[in-house]
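Got the viewer open? Let's walk through the ligand site and then the enclosed space in this model, one selection at a time.

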Amino acid sequence: MRVDLHGSPQTMLATLYAKALDAGAPDSVLNDTWARDIVDRIDYDWSSTTITTRNAPSVTLRSAHFDFWTEQFLAAHPRAVVVHLGCGLDSRFLRVQPGDGVDWYDVDYPQVAALRERFYPVRPGNHVVAASVTDPAWLADIPNDRPALVIGEGLTMYLREADGVALLRRVVDRFPSGELQFDAFNWLGIKAQWSNAVVRRSGSTLYWAINGPEDILESVPGTRLLQWVPVFESDVFDRLPGVYRMMGAVMNRIPGARTMSQFHRYAF
Ligand SMILES: C[S@@+](CC[C@H](N)C(=O)[O-])C[C@H]1O[C@@H](n2cnc3c(N)ncnc32)[C@H](O)[C@@H]1O
């Protein structure tokens with residue numbers, strides 16, 4: 001089948017392709033065979049994503065990082081709600097295999113949600129929400145009788161700051177307790193978006209610069225910092241080929257570059 005996506009929905013084809021390229025490689029990070037199968041079924045010029053086996057780890061290692069944090073949360077909260085914001089065609093539900101006590105909601109724009117429903121068979125406990133994450137309406141239908149993990153990978157930078165903050169505040173107000181986990185770009189990541197080929201080619205715009213945890217702690221009452229890791233300092237980065245690690249070492253010396261991309265984790 002052919003797909004025709006523009007703007008931020010198109011960017012999930014790049015992350016999907018990165019996971020597909022990684023699957024089955026001898027040193028595979030995620031071994032996401034679902035991504036590989038979906039890529040095989042979509043008629044698309046995958047080379048236009050600009051993803052190659054060389055740069056795929058920058059995506060797959062990020063996903064592995066959030067899989068790990070997700071697993072940690074689910075180990076502590078076997079009865080939980082997971083809200084996976086801007087999920088794209090990511091197979092996290094299948095990779096982490098939550099137990100029966102978990103209700104998992106994959107949220108993305110209707111055109112992406114329709115693709116999800118087409119490529120992923122219905123599984124008990126896994127629900128798809130076809131909506132913009134910034135639409136306040138859908139959250140009212142998510143059960144709020146359990147701790148919630150709200151996770152957004154490759155999402156916050158596409159939101160306008162006011163919309164992103166409002167979303168996080170709504171989530172914190174809705175659930176009795178839980179965690180927020182997401183990655184973010186600082187001011188430099190937003191300013192340098194012209195250099196991000198995936199973003200540029202999709203015609204999307206990055207808006208929300210999060211410069212550190214204080215931006216969230218100050219604007220989203222009720223949050224408590226659990227972990228904050230600049231990507232260049234994460235365990236993830238250590239697993240990349242030497243050329244990336246060298247680049248990381250250089251970036252760490254440039255003001256603003258060290259925190260260009262960061263992983264955030266809060267309790268609420
Ligand atoms: C870079 S992709 C990441 C996809 C997935 N999280 C992954 O890591 O493979 C960004 C995703 O965010 C989604 N997205 C961006 N803004 C959104 C919004 N306001 N509402 C719902 N989804 C949104 C896009 O449709 C796309 O699927």
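Select Tyr109 and the ligand: an N or O atom in the Tyr109 side chain is 3.0 Å from a ligand nitrogen, a polar contact here being a pair of N or O atoms within 3.5 Å. Add Lys19, where a polar side-chain atom lies 2.7 Å from a ligand oxygen. Then click Gly86, which puts a backbone N or O atom 2.8 Å from a nitrogen of the ligand.

A quick word on the source: this is a predicted model, with local features needing pLDDT of at least 70 and side-chain atom pairs pLDDT 80 or more, while totals for chains, interfaces and linings use all residues. Residues are numbered from 1 along each chain as its sequence is written, and side-chain values use heavy atoms, leaving out hydrogens and water.

Now show the shell around the ligand, meaning residues with a heavy atom within 4 Å of it. You should get 21 residues, with Lys19, Gly86, Asp108, Val133 and Glu153 coming nearest. Color by class for nine nonpolar, seven polar and five charged; Gly counts as polar. Helix α1 (residues 8-22) gives the most, six residues; helices are DSSP runs of H or I, at least four residues.

Next stop: the cavity. The whole structure has one of 30 Å³ or more, a cavity being points on a 1 Å grid over the protein atoms alone where a 1.4 Å probe fits but cannot get out, lined by residues with an atom within 4 Å of a point. Its volume is about 60 Å³, counted as the space filled by probe spheres set on the points. Select Leu85, Gly152, Thr156, Leu168 and Phe182, the closest to its centre of the 13 lining residues.

Technical notes: 1 Å grid on protein atoms, 1.4 Å probe; cavity = no way out; pocket = protein on both sides within 12 Å on 5 of 7 lines; lining within 4 Å. Polar contact = N/O pair within 3.5 Å; in protein donor to acceptor, adjacent residues only side chain to side chain. Helix = DSSP H or I, 4+ residues; strand = E, 2+ residues; numbered from the N terminus.
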